[in-house]
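Please walk me through this structure, beginning with how its strands are paired and then moving on to a buried position and a pocket.

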Amino acid sequence: LLRVDIKAGQRIHKGEQLAKLDDTDLKSDIAAATADERSSRSASGEGGARSRQAMEEYKRMARAGTKVFSAMAIQAKLAEAQAGGASSGASSEAAKSIRIKREALERQLAKASITAPFDGMVLSVRAREGQVAQKGEPLARVYDPSDLLFRFAVPKEHRKQIAQGDR
């Protein structure tokens, strides 16, 4: 925990920040994933361009025929076009995989700020700054004063004096 912004007895409002987790590593991982994604997309575009260019050359060579180019040279150009397409596809898939990883990291980053789920009163704070927070571990105890329920017994002889909803 980087920061704990509450103390016992404090009134809080829904959405108010209660604590902040250290998000330095997440931000660094997101920056690295963004750079990797950009690089993979660039490689995909370059591979696609090389593939298209090789395919155009192959078509030109095939039209000219074996009198101008050897059959082996024509086949080599076709193989080059296909390899460029495969390389482009692999880079595109890598970029997609990295994007999914980056989006997951961004969702985690959004959870680095712990906010109040409802208006209420802080009863106790268990978390301390510098502490390592575990998933599911309560950081504070908060109650909603509008959601209080009192149970008590009314002696039999007084039950006729009150009705449900009386104040």
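**Strand pairing, a buried aspartate and a pocket**

In this model, which is predicted, isoleucine 12 stands opposite glycine 120 in S5. That pairing belongs to the contact between S2 and strand S5 (residues 120–125), two strands that run antiparallel and are joined by 2 bridges. Strands of a sheet pair through backbone hydrogen bonds, in either a parallel or an antiparallel manner. Here the sheet is an open one made of 3 strands, whose order is S2-S5-S6 and whose pairing is antiparallel. Its edges are formed by strand S2 (11–12) and strand S6 (140–143), each of which pairs on one side only.

From the sheet we can turn to a single loop position. Aspartate 23 lies in the loop that connects strand S3 (17–20) with helix H1 (24–64). Is this aspartate 23 buried or exposed? Its relative accessible area is 8%, and because buried means under 20%, aspartate 23 counts as buried. When its neighbours within four places in sequence are left aside, the residues in contact with aspartate 23 are Leu109 and Ala112.

The last feature to consider is a pocket. The largest pocket has a volume of about 630 Å³, and of the 22 residues that line this pocket, those closest to its centre are Leu21, Lys111, Ile114, Gln134 and Lys135. As to the character of the lining of the largest pocket, its residues divide into 15 that are nonpolar, 3 that are polar and 4 that are charged.

Conventions:
Residues are numbered from 1 along each chain as its sequence is written. This is a predicted model: local features need pLDDT of at least 70, side-chain atom pairs count only at pLDDT 80 or more; totals for chains, interfaces and linings use all residues. Side-chain values use heavy atoms; hydrogens and water are left out. Helices (H or I, at least four residues) and strands (E, at least two) are DSSP runs, numbered from the N terminus. Buried means under 20% relative accessible area, exposed over 50%, partly exposed in between (1.4 Å probe, protein chains only). Contact means heavy atoms within 4.5 Å. On a 1 Å grid over the protein atoms alone, a cavity is a set of points where a 1.4 Å probe fits but cannot get out, and a pocket is an open set with protein on both sides within 12 Å along at least five of seven lines; lining residues have an atom within 4 Å of a point. Grid points are joined across faces, edges and corners, and a volume is the space filled by probe spheres set on the points. Ala, Val, Leu, Ile, Met, Phe, Trp, Tyr, Cys and Pro count as nonpolar, Asp, Glu, Lys and Arg as charged, and the others, Gly among them, as polar. Two strands pair if DSSP finds at least two bridges between them.
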